[in-house]
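Me: I'd like to learn how to read a protein model. Could you take me through one, feature by feature?

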Amino acid sequence: MASTPTAAQVLGRIILVTGKEEYLSERTVVGVRAAVKGFDAEAEIADSEASDLTLASLGEMAAPSLFSSTRCVIVRGLEGLPDDCHDGILDYAAAPADDIALVLVHGGGPRGSGLLTRLRKLGSVTEVKSQEIKASELTGFVTSEFAGHGAKIATDAAAFLVTAVGGDLRSLAAAAHQLTNDFPGEQLTVEKVQRYFGGRAEAKSFAVADAAFAGRKAQALEALRWAMDGGTASVLVTSAMAGSARSLARFLGAPNGMREGDLARELGVPPWKVRQVRDQSRSWTPEGISSAIRAVAVADADIKGQAHDAAYTLERLVLTVADLRTGR
């Protein structure tokens with residue numbers, strides 16, 4: 001089902017929402033409710049927990065209303081539906097009312113699996129799965145959010161947004177909505193995302209390291225100045241640089257054919273960042289990484305030893321690392 005369903009797709013139907021990702025489940029519920037309200041502004045909305053239902057209340061769900069014949073009935077926590085109500089739900093689902101959209105939300109897990117199996121066999125049931133988003137899929141989720149708003153975001157910008165905002169889907173979706181509204185018709189780049197969501201010192205430091213190890217000198221220097229002006233501690237920058245160097249070193253030394261999840265643990269990075277490390281590694285040799293690690297160590301020691309000009313030390317480090325790539 002599309003993220004914004006039509007009334008024809010939900011009225012006279014049972015929308016079965018399954019899975020543990022609560023944000024995606026709730027978005028489906030909101031979409032169905034909006035479709036019904038868009039069809040009939042006076043439509044009634046009934047929202048209840050399955051554990052609270054009885055045979056009598058099940059009958060009331062499909063009963064004609066004094067105010068509107070169109071209704072959206074939402075039953076949450078289907079796994080908690082009393083056993084003596086299962087047949088009632090199935091009987092209704094076998095012959096649903098044309099002017100009612102029934103949304104059944106199951107939070108995942110084995111409870112109620114028998115009821116799910118029987119519901120799935122009915123032609124009136126449309127299942128929408130809300131599977132948990134893996135860490136490695138977060139950048140893809142961000143990209144799809146922008147696409148849903150008719151916008152595009154660069155891959156590195158999507159990865160940066162995940163780094164800055166974190167893995168909460170609601171927060172990522174809200175960020176995508178805000179950026180799309182503030183940059184209408186424009187492709188979202190790292191620079192644009194940084195203006196809004198680069199406030200975290202760690203995110204700023206990662207931006208410097210990512211650009212330096214990718215050989216983007218101008219971008220790395222700009223990110224460094226932006227980080228320093230924003231009050232990011234120098235040691236956070238060297239720490240991020242050291243982390244990137246270690247990840248690349250571990251990647252180059254990792255056995256071929258490792259699964260992405262295992263590789264992420266080996267590298268010490270989130271799974272979504274494995275692809276970024278893999279892309280960067282194509283322009284690095286073990287010798288180059290060794291030199292980069294030494295350069296980072298020297299810069300870190302200089303800064304911790306109260307270097308006269310920390311900004312200059314970091315600029316020199318960024319340029320040194322960028323020049324160590326074999327693909328420059």
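Me: Not counting residues up to four places away in sequence, which residues does Ala-157 touch?

Reply: Before that, a word on what you're looking at. This is a predicted model, where local features need pLDDT of at least 70 and side-chain atom pairs count only at pLDDT 80 or more, while totals for chains, interfaces and linings use all residues. Residues are numbered from 1 along each chain as its sequence is written, and side-chain values use heavy atoms, with hydrogens and water left out. Now, contact means heavy atoms within 4.5 Å. With residues up to four places away not counted, Ala-157 touches Leu-188, Thr-189, Val-190 and Val-193.

Me: Where does Ala-157 lie, and why does Ala-157 count as buried or exposed?

Reply: You'll find Ala-157 in helix α7 (residues 155–165). Helices (H or I, at least four residues) and strands (E, at least two) are DSSP runs, numbered from the N terminus. Buried means under 20% relative accessible area, exposed over 50%, and partly exposed in between (1.4 Å probe, protein chains only). Ala-157 has 0% relative accessibility, so this residue counts as buried.

Me: Okay, a charged one next. Is Asp-210 buried or exposed?

Reply: Buried, because its relative accessible area is 14%. Asp-210 belongs to helix α10 (residues 201–213). Leaving out residues up to four places away in sequence, Asp-210 touches Arg-216, Ser-244, Lys-273, Gln-276 and Gln-280. Asp-210 and Val-277 are 67 residues apart along the chain, yet their C-alpha atoms are separated by 9.2 Å.

Me: And what is Gln-280 in contact with, leaving aside its neighbours within four places in sequence?

Reply: Asp-210, Phe-213, Ala-214 and Leu-248. Gln-280 sits in helix α14 (residues 274–281), and at 10% relative accessibility it counts as buried.

Me: How do I read two packed helices?

Reply: Two packed helices are described by the angle between their axes and the distance between the axes. Here, axes are lines fitted to C-alpha atoms, for helices over the stretch in contact, and angles run from 0 to 180 degrees between N-to-C directions. Take helix α2 (residues 22–39) and helix α8 (residues 169–182): their axes are 9 Å apart, at an angle of about 55°. That makes α2 oblique to α8. As for the cut-offs, under 35 degrees is roughly parallel, over 145 roughly antiparallel, 65 to 115 roughly perpendicular, and the rest oblique. Tyr-23, Leu-24 and Arg-27 of α2 meet Leu-169, Arg-170 and Ala-173 of α8.

Me: Can a helix have a buried side?

Reply: Here's the general idea. An α-helix has 3.6 residues a turn, so residues three or four places apart point the same way. In helix α5 (residues 113–120), the buried residues are Leu-115, Leu-116 and Leu-119. They fall within an arc of 100° seen down the axis of α5, so they line one face of the helix. The arc is that of the directions from the helix axis to the C-beta atoms. The buried residues of α5 pack against β1 (13–18), α4 (86–94), β4 (100–106) and β5 (125–129).

Me: Which residues of α16 are buried?

Reply: Thr-313, Leu-314, Leu-317, Val-318, Val-321 and Ala-322. They cover an arc of only 160° around the axis, which puts them on the same side of α16.
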